[in-house]
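Please consult the sequence and the structure shown here before reading on.

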Amino acid sequence: MADIIKVEHLSYVYNPGLPTAVTALDDVSFTVEEGDFVGIIGATGSGKSTLITHMNGLNKPTSGKIYIDGRDLWADPEKIRDFRFLTGLVFQYPEYQLFEETCYKDIAFGPKNMGLDEAEVDRRVHEAADFVGLDPALLERSPFELSGGQKRRVAVAGVMAMKPRILVLDEPAAGLDPEGRDDILSEVKEYHKKTGTTVLLVSHSMEDIAKYANRVLVMSNKKIAMYDTVEKVFARAPELLGLGLSVPQVTKIFLKLREMGVDYLYLNPIFEAHSNHRYNTADYLNVDPLLGTNEDFETLCKEAAKYGIGIVLDGVFSHTGSDSRYFNREGRYGEGGAYRDPNSPYRSWYDFDPKHEGGYRSWWGFETLPEVNEETPSFVEFITGEGGVIDTWLRRGAAGFRLDVADELPDDFIEKIRAAVKRGRINPLSPLPLAPKPQGAI
Ligand SMILES: Nc1ncnc2c1ncn2[C@@H]1O[C@H](COP(=O)(O)OP(=O)(O)OP(=O)(O)O)[C@@H](O)[C@H]1O
Ligand SMILES: [Mg+2]
């Protein structure tokens, strides 16, 4: 793809020639490909805001060149206005720039200035309001009657409504509560995905950058210290820390574990279960909501793999919970399940016989832990078959399984689990090849 931004040897001095002269950018060069989402980080005063105000001609380089979409921004200063529409700039605390009587008029201000007709302006206002999740009912209200987060949305929508090729945001989430941050940044991400607009996002939050950007530009002392993919930049955590920057929490933890020589992390059961014990599996295919989501697990595995650390799961396959989608004694999962429905597809997994207390065989007599028949073909297939439980977790990035009460499992079943893990290991989605096989794990 073509470079939408090309910056060559850009330097900028505030108050040049005066005793108060400050060099804010010193020989900065980089390019951005169209469609990229670039996170810009750097200590306070490192030059981030100065850099981005150059992207639409608000500041004129003291020396150096900026090309937007192949055109030299300052080739003809008379035409600088064109670039104001090509690059949309959202300043920090943009709500302070709202000034119209209604939100509608504020969002419409940019498109109107572009000389668009009323129908097109109207279409763009609604589309932009929709992108930032602004209730259309608020459009006729005064921006000053809105909450901080809503005002911010109006300001961002006003820039989006100009449909810039490049959207530049200076700390758009600053000062918002965690939920507000996530909302506004996810909306920007969604906008980026849907429109293909190039986005530059300045942020102090490494978590946000890791989550939303695909490239990171690190500013340090008026220069570019690093510019690479998110993975490659955060892998240089010690250098980032040296620049006074932090790294995402998860990166910090894995760095420490790596330093301690950890190759594998073994997690106690993480599957959905309705007790702290967690060996009473309720659903083999989902992470318990108390611990996170399946996506969180994938992120964890991906991050761990970067440090050559594998994530090993606990496989509890000799019994399930009675309170599970398979057995469903407690009725949490509707009317189906082996306990309630003799025709349930899970019925054959368990031994129903009045000779057992409670009417079914359970693990060491605990009625909350009905035992499964590990020879039942449908159970074996569910756990070890193509697309089964083992496959699913390996595809999500697990490196292997530690088997609970392996001594109680039939050899044949263990062999099938081993085969499933081996098959999964050659799955290209499994990060396992990065880490050596640990002693004793399957
Ligand atoms: N209007 C100005 N006049 C004079 N110097 C300025 C001006 N704005 C910024 N500077 C100086 O330029 C340098 C870069 O500032 P800039 O605002 O670009 O940093 P930043 O990385 O955006 O910082 P922050 O994270 O605090 O927003 C700093 O030394 C700053 O003091
Ligand atoms: Mg700044």
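The paragraphs below proceed from the chain as a whole to the ligand and then to a sheet.

This is a predicted model, in which local features need pLDDT of at least 70 and side-chain atom pairs count only at pLDDT 80 or more, whereas totals for chains, interfaces and linings use all residues. Residues are numbered from 1 along each chain as its sequence is written, while chains are lettered from A and ligands numbered from 1 in the order in which they are written.

The chain contains 14 helices and 15 strands; these are DSSP runs numbered from the N terminus, with at least four residues (H or I) for a helix and at least two (E) for a strand. Its C-alpha atoms fill a box of roughly 95 × 50 × 35 Å along the principal axes. The radius of gyration, taken over C-alpha atoms, is 28 Å, where a compact globule of 442 residues would have a value near 22 Å; that rule is 2.2 Å times the number of residues to the power 0.38.

Ligand 1 is surrounded by residues that include Y14, N15, G42 and K48, each with its C-beta atom, placed from the backbone, within 6 Å of the ligand. The largest share of this shell, three residues, comes from α1. Both β2 (22-33) and α1 (48-52) supply at least two residues.

Strand β2 also belongs to an open sheet of four strands, ordered β2-β1-β4-β5 with antiparallel pairing; strands pair if DSSP finds at least two bridges between them. Because β2 and β5 (71-72) stand at the edges with a single partner strand each, one side of each is left without a neighbour in the sheet. Eight bridges join β1 (residues 3-14) to β2, and V7 has F30 in β2 as its bridge partner.
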